[in-house]
Amino acid sequence: MSYFLMPLLLLDKLKNSKINFIKMTKILITGASGQLGSVLTKKLQDKYGVDNVIASDLRINPSFNGCFEVLDATDFDALSEIVLKFEITQIYHLAAILSANGEKIPLNTWDINMKSLFNVLEVSRLTNIDKVFFPSSIAVYGNDAPKTETPQDYVVAPSTVYGISKVAGENWAHYYYERYGLDIRSIRYPGVIGHQSLPGGGTTDYAIDIFHKAVKNEVFECFLEATATLPMIYMDDTIRATIELMEAPKENITVRTSYNLSGMSFSPEQLTQSIQKIYPDFKIVYKPDFRQKIAESWPSSIDDSSARSDWNWKPQFDIDAMASVMIEELKLKYITELKIS
Ligand code: AKB
């Protein structure tokens, strides 16, 4: 259906809906079964109540508790139906194809990442959604950007289709804010490391896989070179940053494209050394593949002073603190799994 027809049909539906009078926070998360989505959903359920958070994705996670809707976010009608049905007031739009998978299917990646974002932007505009969260990435920077402490406002010229879709998304977010006053907020995430969920096709995935191997006493084969330093962040810091940004007073938000966010920076070699403080016999071998080139085009550290000054961002986890929690939590997970089977 064309974007000219859709608004008319939706507005017609809206006339009969109570959505304009509802003040209670009702959150929709797209991509809720993914690495970040599954953890963020739980946090938002704790904060706003299980019934006020609607998780959605192409597939439900078997262990999920709460309200779940199967949703392909590229389907405008399906998305708007859910927004109207649950009287949604905030959307966290996490559904996207990441950098490494994106390079395998470039045009599909563009199509999926952009179409789902346009749908979220349009439905948000038409139903007066209070706030939208859109995740961007360090992937917006390309080979020409300074590698260390990459500045917030440096030219963004990405080398992956994922990065191109994020740059475009940031500009569309800015446009919807300027043109329609849509309160859309965004963070350029570094590689996110967590024990709760598995990564989904990114270049920074190695930094999670490595912990699973270490805990299982296996050798880790790394797809990046030993010295490939990238910005990373621990899951708890990521979730806290996301919620802090979404809760910051509107007048404090000076960046309407996307905020740089920094947690820590390390290379596979440095991460190995940190793991070896706990498992001295842990071994890594290097077999770089196409993802090394992607990593080389990204910053190795990020200047996040705008996030720090606008909404008081401060990370809590450094590499050793993160490695120690990851190992403790994964040990517990594998012991529990062994006991159950
Ligand atoms: C990826 O590796 O694609 C993501 C990212 C840094 O956006 N984790």
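**View 1. The ligand sits in the largest pocket.** This is a predicted model, and the close-up starts with who lines up around the ligand. Leu98, Ser99, Ser137, Ile138 and Tyr162 are part of that group, along with Gly202, Thr203, Thr204 and Trp298. Sorted by class, the shell comes out as four nonpolar and five polar residues, with no charged ones.

**View 2. Tyr162, Thr203 and Thr204 make polar contacts with the ligand.** Tyr162 brings a polar side-chain atom to 2.7 Å from a ligand oxygen. Thr203 also has an atom 2.7 Å from an oxygen of the ligand, but here it's a backbone N or O. Next door in the view, Thr204 uses a polar side-chain atom, which lies 2.9 Å from a nitrogen atom of the ligand. On its own the ligand would expose 250 Å², and the protein buries 94% of that.

**View 3. Seven strands make up an open, parallel sheet.** Reading across, the order goes S3-S2-S1-S4-S5-S6-S10. Strand S3 (67-70) and strand S10 (259-260) are the edges, each with pairing on one side only.

**View 4. Strands S5 and S6 run parallel, side by side in the sheet.** Zooming in on this pair, S5 covers residues 131-137 and S6 covers residues 184-189, with six bridges joining the two. For a landmark, look for Phe133, which stands opposite Arg185 in S6. Ser137, listed above among the residues around the ligand, is also where the S5 range ends.

Methods. Residues numbered from 1 in each chain as written. Predicted model: local features only at pLDDT ≥ 70, side-chain atom pairs only at ≥ 80, totals over all residues. Heavy atoms only, no water. Near = heavy atom within 4 Å. Polar contact = N/O pair within 3.5 Å; in protein donor to acceptor, adjacent residues only side chain to side chain. Areas by Shrake-Rupley, 256 points an atom, 1.4 Å probe, with all protein chains shown as cover. 1 Å grid on protein atoms, 1.4 Å probe; cavity = no way out; pocket = protein on both sides within 12 Å on 5 of 7 lines; lining within 4 Å. Sits in = over half its atoms within 2 Å of the grid points. Nonpolar A, V, L, I, M, F, W, Y, C, P; charged D, E, K, R; others polar. Pairing = 2+ DSSP bridges. Helix = DSSP H or I, 4+ residues; strand = E, 2+ residues; numbered from the N terminus.
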